Amino acid sequence: MNRRQILASIAAACALTSMTATHAESAFPQKPITFVVPYLAGGTTDLVARVVGEHMARTLGQAVVIENKPGAGGNIGMDVVAKSKPDGYTIGFGAISTNALNPHIYKSMAFDPRKDFTAVSMLGYSTIVLEVGKGFPANNVQEFIAYIKANPGFQYGTAGAGTSMHLAGVMFAQMAGLDTVHVPYKGSVPGITDMLGGHLPAMFDNLPASLPHIQAGKLKALAVAGSERSPSLPNVPTIAESGLKGYAVDPWFGVYGPAKLDPAITAKLNTAINQALSDPAVKDKLVQAGFTPKGSAAQSFEALTQSEYKRLGDVARKAQMQVN
């Protein structure tokens, strides 16, 4: 075979490889997609994943299977995503905690969120609510602060160490000058159960999980942690409005795939997610549950991830947050 024939053969092989890859991308997905939720079923992420995943399945023509893999503040589930094959068939429900805060507060991390994932799309924002039991002797933030000052070592719960709720609690205690003890649960549901049973006096929780109990009068919402009031609780003030000026924690959530996910597959997933978030029925379900849906381009979500990693590193060091 002469040089010209060899070059022609190489060119043909490259063209075939390119055609095969392009066909694989255009045919994606050809089997069910696993959507890893790194928290217990019944919480905010689980609710959003199931509503969005159901719509994605109709758009993509394949089932989107939700797998709850809780533990270590979401790190266990996201590690599964980081170590998965980058073919689009495993995606994960990342958050401000797993992909920006946790690396700064956990002594050991199995993944690096700056380089071990492909950002696919934002999903939106959740509201954190400061809530107490029905019979707790405080009806607003100032009364709550006064109670804790009179009872140092006050215990409050969250859905887990390293979560945005944990961050909210640490910032609250720091800004109000309080002596508190953080009680981390493995998700919102067990913490709420203890509150309803009178075994835990207060929680910083993601609103969607707690909202039904607040609406039923079983829990009292003292304030929300975000920069704005929640449409689901329009009469409940923000913590900043209640006296702690400058206080705000707005947790974001989004979808990630493993690193080196093909751009064409990323684009398909991004389109399916944004179509779901634009559907009025989906939006209505999420808003009623206390979640604010907001999609994005993959590139802008990547930029947010990187900037939040840096910002929350500074916050964690200042607050001396650590998880063993």
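A search of the whole structure, a predicted model, finds 17 aromatic pairs; here rings of Phe, Tyr and Trp (its six-membered ring) pair if their centres lie within 6.5 Å, with planes under 30 degrees apart counted as stacked, over 60 as edge-to-face and the rest as tilted. One of them joins F136 and F154, which meet edge-to-face at 5.9 Å centre to centre with 70° between the planes. F136 lies in the loop between β5 (128-133) and α5, whereas F154 lies in strand β6, so the pair ties together parts that are 18 residues apart in sequence. Helices (H or I, at least four residues) and strands (E, at least two) are DSSP runs, numbered from the N terminus. Both F136 and F154 are buried, where buried means under 20% relative accessible area, exposed over 50%, and partly exposed in between (1.4 Å probe, protein chains only).

A further pair, F253 with F291, is tilted, at 6.0 Å centre to centre and 45° between the planes. This pair links distant parts of the chain, with F253 in strand β10 (residues 252-258) and F291 in strand β11 (residues 291-293), 38 residues apart. F253 and F291 are buried too.

Ring pairs also link F136, F144, Y147, F154, Y156, F172, F204 and Y247 into a cluster. Within this cluster, Y156 is worth a closer look. Y156 is found in strand β6 and counts as buried, at 5% relative accessibility. Leaving aside neighbours within four places in sequence, Y156 is in contact (heavy atoms within 4.5 Å) with H166, G169, V170, T180, V181, H182, V183, L200, A202 and F204. By contrast, Q275 is 38 Å from Y156, C-alpha to C-alpha, and 119 residues from it in sequence.

As for the nonpolar cores, each is a set of buried Ala, Val, Leu, Ile, Met, Phe, Trp, Tyr and Cys residues joined through side-chain atoms within 4.5 Å. In soluble globular proteins, nonpolar side chains tend to be buried together. The largest core here has 52 residues, and those with the most contacts inside it are F144, F172, F204, I239, Y247 and V249. Helix α6 (residues 164-176) gives the largest share of this core, 8 residues. Apart from this core lies another, of 32 residues, among them A57, V64, F93 and A276. Y247 touches A168, G169, M171, F172, M175, F204, A225, I239 and A240, not counting residues up to four places away in sequence.

Turning to empty space, the search used a 1 Å grid over the protein atoms alone: a cavity is a set of points where a 1.4 Å probe fits but cannot get out, a pocket is an open set with protein on both sides within 12 Å along at least five of seven lines, and lining residues have an atom within 4 Å of a point. Grid points are joined across faces, edges and corners, and a volume is the space filled by probe spheres set on the points. The whole structure holds 2 cavities of 30 Å³ or more.

The largest cavity has a volume of about 170 Å³. Its lining comprises 20 residues, of which Y39, T45, A159, M165 and N206 lie nearest the centre. At least two lining residues each come from α2 (44-60), α4 (96-105), α6 and α7 (188-196). By class, this lining has 10 nonpolar, 10 polar and no charged residues, where Ala, Val, Leu, Ile, Met, Phe, Trp, Tyr, Cys and Pro count as nonpolar, Asp, Glu, Lys and Arg as charged, and the others, Gly among them, as polar.

The second largest cavity encloses about 30 Å³ and is lined by F144, I148, F154, Y156, G169, F172, A173, T180 and F204. Two or more lining residues come from each of α5 (141-150), β6 (154-158) and α6, with α6 giving the most, 3 residues. This lining has 7 nonpolar, 2 polar and no charged residues.

Among the pockets, the largest has a volume of about 230 Å³. Y125, S126, T127, G226, S227, E228, R229, S230, P231, D250 and T292 line this pocket, and they divide into 2 nonpolar, 6 polar and 3 charged. The second largest pocket, of about 170 Å³, is lined by 16 residues, of which A72, G73, G160, Y185 and K186 lie nearest its centre. Its lining divides into 10 nonpolar, 5 polar and 1 charged.

Residues are numbered from 1 along each chain as its sequence is written, and side-chain values use heavy atoms, with hydrogens and water left out. Because the model is predicted, local features need pLDDT of at least 70 and side-chain atom pairs count only at pLDDT 80 or more, while totals for chains, interfaces and linings use all residues.
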